[in-house]
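These are my notebook entries from a session spent looking things up in one protein model. I began with single residues and worked outwards to the whole chain.

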Amino acid sequence: MDDSQFLAHLTEDGKTETIQQHLLETAHLAAQFASDFDAYEQGYLAGLAHDIGKFSKAFQLRLAGSPHRVDHSTAGSVECTKIGQSYAAICIAGHHGGLPDGGSRTDNVDQPTMWGRLNRAYKGMLEPYDEWKEEIQLPKASSPEFLRSRTTSPCDAMFFTRMLYSCLVDADFLSTEVFMSGHKRSKTDYAMAELEQRLQKYVSGWYPPEGELNTLRCSILEHCRQDGYARKTGLFTLTVPTGGGKTVSSLAFALSHARANGLKRVIYVIPYTSIIEQNAKVFRKILGEDVVLEHHSGVLYDIDQEANPKSIRMAQATENWDMPVVVTTAVQFFDSLFSNRSSKCRKLHNLAKSVIIFDEAQMLPIPYLRPCIHAISQLVAHYHSSAVLCSATQPALKLLFQEFLPGVNAVELCPDEVFRSAVFQRVTFQKVGQLSWDQLADTLNTKQQVLCVVNSRKGAQEIFGRLTGDGCYHLSTLMYPAHRERVLKQIRERLNEHLPCRVVSTSLIEAGVDVDFPEVYREEAGLDSVLQAAGRCNREGKRNRADSIVSIFKATIKPPPIFSIPIGAGSLVMEQYDDISSQEAVSAYFKQLLEMKGDSAQDQQEILPLMKHELFPFRKIADRFHMIDSATRTIYIPLEAGAELVEQIRSGQCSITLFRKLGKYSVSVYENQFQSLEIAGALELLEDGSAILLDTTLYHPEQGLALKADSGDAFFV
């Protein structure tokens, strides 16, 4: 039969692509991607077989305009199953609708599992597609060696399948895109050697370093650079005290390590968007605007309005992370690794042959800790990647990594003598006992410049309400991000100008916010939080340690339940160690914390047991794995630029881009708080479950959103 009679794609202007052309192009791309983790043959097979169901006459009629939907994915899955290629089979089955659960042989034809679909085929319920055999011959495809071992676990097989799936769906998208657009994507392709030269040029002004602190920063930087060259791919830790130059030092390691080991990209995984924005700005300044991709909810690459080659390239790169340096959130990273959707998984193959840096590693969420460590271990063990855990308070994860990555010990990149240097001992800790909010506020009011960090947003508001005089500030997540950014700018200016500056904040100020106070008060919390708060005190080491006091107090009001175990573990360790900032104390704290939580709390959704006991439960795992608790609701605040954005929503101009812009003017609240405002008539409800604040008097210019309102009627749209 003539090739032209069997088409894969047909454009409105009559341009055609045969199935054979599309399959060969997809196969070559998928094989190229999979070769990064020794799976070239598997990638080629998956690409070559994925659309053979399009050889049916029913699909050809569909292309010609028939309204009847045609299942063209199951056919390739069936043919791969016949030749014993289960990895390619399940990838092909899900290349449009997402990876299905494996199911069991007894599944009926209506079940959306792999076996349900195979049973449909075995009962003759697929459209005939036999003509594929005249044009395509499926090759034998060996699997990577680790999958042929007797020790291969179902978890290994699932992770590999998801990585292979990534290769297939990205290749399919790119191949189709080239046909439809008529040209390939522009590519940002810089050699690691060139990027390393840019870094060297950036830091050249640091030498010779002035002062002991800068000398130590340069020492850490140089040690990381040299270790990057000397070490093979593996697992690393970078335990750098606050103010030790962790951001640039980790980049120095990543670039030299990538260059020495033939790796393709550097990926930064960071817990908060505020730190991402800060770090990405530094990376762009060092490496250039065109090589750093920020991928998170707070950044926009508009390809519809005022598009330019750079914005188009960046928008496309968010789909598959095909950039030299990627900066993203832990939520984006891990949710993708446990997703079954093609849009989420498409980027995963580009994690292979990468240096992956986990900044603020102590922030890995305990309810998902075991699955996260398992995923990191897989990337190190089988995908030619290196993982670097960065923190000033390194979590005690050795036993978990020994379980999932046996025989591999983490290499510390910061010399122990540097970490213990007196230069980094910049504060003095003291316990001041129990304080009421009145007592605490009275004390803060006597200070010229001081930071107070508490465990709850309500507590922050109540203390702030008791402060008097000029230069008093409040920070919490009840303030929308654009508001917080403006306040932080004012705080930094007053600190630099030695003006009165008294700040009450929740823990949001502890992670990556660059401020330097002479004194800090911290409500009793986990040891990591206490030390992170201490990192905002005498940050630059310009003051005497004895005068730079971090006071730890106990509130008279019981803290939220979520803090009880960290507080308990922290209290035990702080009683046992004179130097609570020592690595021994930090390690003891995290060990104590994990013991108090228990093993089951480290995999709360039982992700790993599910992998072991069911056949490829991709959908079930995707439904269970969500690093962000969805119990919060979003309220948009129509102030500043947010007012105009809200009006666009009201006029019906809803789009992903618009909602992302509105993120800068949003506050997240718990369901009961949302309901309270709704009952009071303070909210205009939107179709997606979010809302617009109707009564802007409830948004205080200093404290943010008030969670109590007089009763009234809600307004629905």
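**Entry 1: L147 and its surroundings**

I started by listing what L147 touches, and, with its neighbours within four places in sequence set aside, I found contacts with Y87, T152, D156, A157 and F160. I noted at once that the model is a predicted one. Where along the chain does L147 sit? I located L147 in the loop between α6 (114–122) and α7. Is L147 buried or exposed? Its relative accessibility is 10%, and because buried means under 20%, L147 counts as buried. I also looked up how far L147 lies from E131: the two are 16 residues apart along the chain, and their C-alpha atoms are separated by 33 Å.

**Entry 2: helix α2**

Next I turned to α2, which covers residues 40–49, and I wrote down that 8 of its 10 residues are buried, so that the helix is described as mostly covered. The buried ones are Q42, G43, Y44, L45, A46, G47, L48 and A49. Which elements cover them? I found that the cover includes α1 (19–34), α4 (74–82), α5 (86–93) and α7 (154–181).

**Entry 3: the hairpin of β1 and β2**

I then went to β1 (residues 7–10) and β2 (residues 16–18), which run antiparallel and are joined by 3 bridges. As one example of facing residues, I noted L7, which stands opposite T18 in β2. The two strands form a hairpin with 5 residues between them, and in the turn I found G14 with a positive phi of about 95 degrees.

**Entry 4: the open sheet**

I looked up a sheet of 7 strands, which is open and has parallel pairing, and I copied its order as β5-β6-β4-β7-β8-β3-β9. Which strands lie at the edges? They are β5 (292–295) and β9 (411–412), each of which pairs on one side only. I followed β9 to its partner β3 (residues 235–239), and found that these two pair in the parallel sense over 2 bridges. Within that pairing, F236 has V411 in β9 as its bridge partner.

**Entry 5: strand β13**

I spent some time on β13 (residues 501–505), where 5 of the 5 residues are buried. Which residues point which way? C501, V503 and S505 point one way from the strand, while R502 and V504 point the other way, and all are buried. I then checked the pairing partners of β13. With β11 (residues 449–453), β13 pairs in the parallel sense over 5 bridges, and here Q449 stands opposite C501. With β12 (residues 472–475), the pairing is again in the parallel sense, over 4 bridges, and C472 stands opposite R502.

**Entry 6: V503 within β13**

I picked out V503, whose place is in strand β13. Its relative accessible area is 2%, and V503 is therefore buried, the cut-off being under 20%. What does V503 touch once its neighbours within four places in sequence are left aside? I listed V450, L451, C452, Y473, L475, I491 and F517. I also checked V503 against N672, and found that they are 169 residues apart in sequence and 28 Å apart in space, C-alpha to C-alpha.

**Entry 7: helix α19**

I moved on to α19 (residues 457–464), which is mostly covered, with 6 of its 8 residues buried. I recorded these as R457, G459, A460, Q461, I463 and F464. They pack against α18 (437–444), β12, β13, β17 (666–670), α28 (671–679) and β21 (704–705), and this brought me back to the strand of the two entries before.

**Entry 8: the whole protein**

To finish, I stepped back and counted elements, finding 28 helices and 22 strands in the protein. The radius of gyration is 28 Å, close to the 27 Å that the globule rule gives for 717 residues, so the protein is as compact as a globular protein of that length. Along the principal axes, the C-alpha atoms fill a box of roughly 90 × 65 × 50 Å. I noted that 57% of the 717 residues count as buried. Among the contacts with a separation of 6 or more, 75% come from residues 24 or more positions apart. The protein exposes about 31000 Å², of which carbon and sulfur atoms supply 49%. Lastly, I looked at the charges, 73 positive and 87 negative, and found that their mean positions are 3 Å apart.

Technical notes: Residues are numbered from 1 along each chain as its sequence is written. This is a predicted model: local features need pLDDT of at least 70, side-chain atom pairs count only at pLDDT 80 or more; totals for chains, interfaces and linings use all residues. Side-chain values use heavy atoms; hydrogens and water are left out. The radius of gyration is taken over C-alpha atoms; the globule rule is 2.2 Å times the number of residues to the power 0.38. Buried means under 20% relative accessible area, exposed over 50%, partly exposed in between (1.4 Å probe, protein chains only). Contact means heavy atoms within 4.5 Å. Accessible areas come from the Shrake-Rupley method with a 1.4 Å probe; for residues, only the protein chains shown count as cover. Lys and Arg count as positive and Asp and Glu as negative; His and the chain ends are not counted. The place of a charge is taken as NZ of Lys, CZ of Arg, CG of Asp or CD of Glu. Two strands pair if DSSP finds at least two bridges between them.
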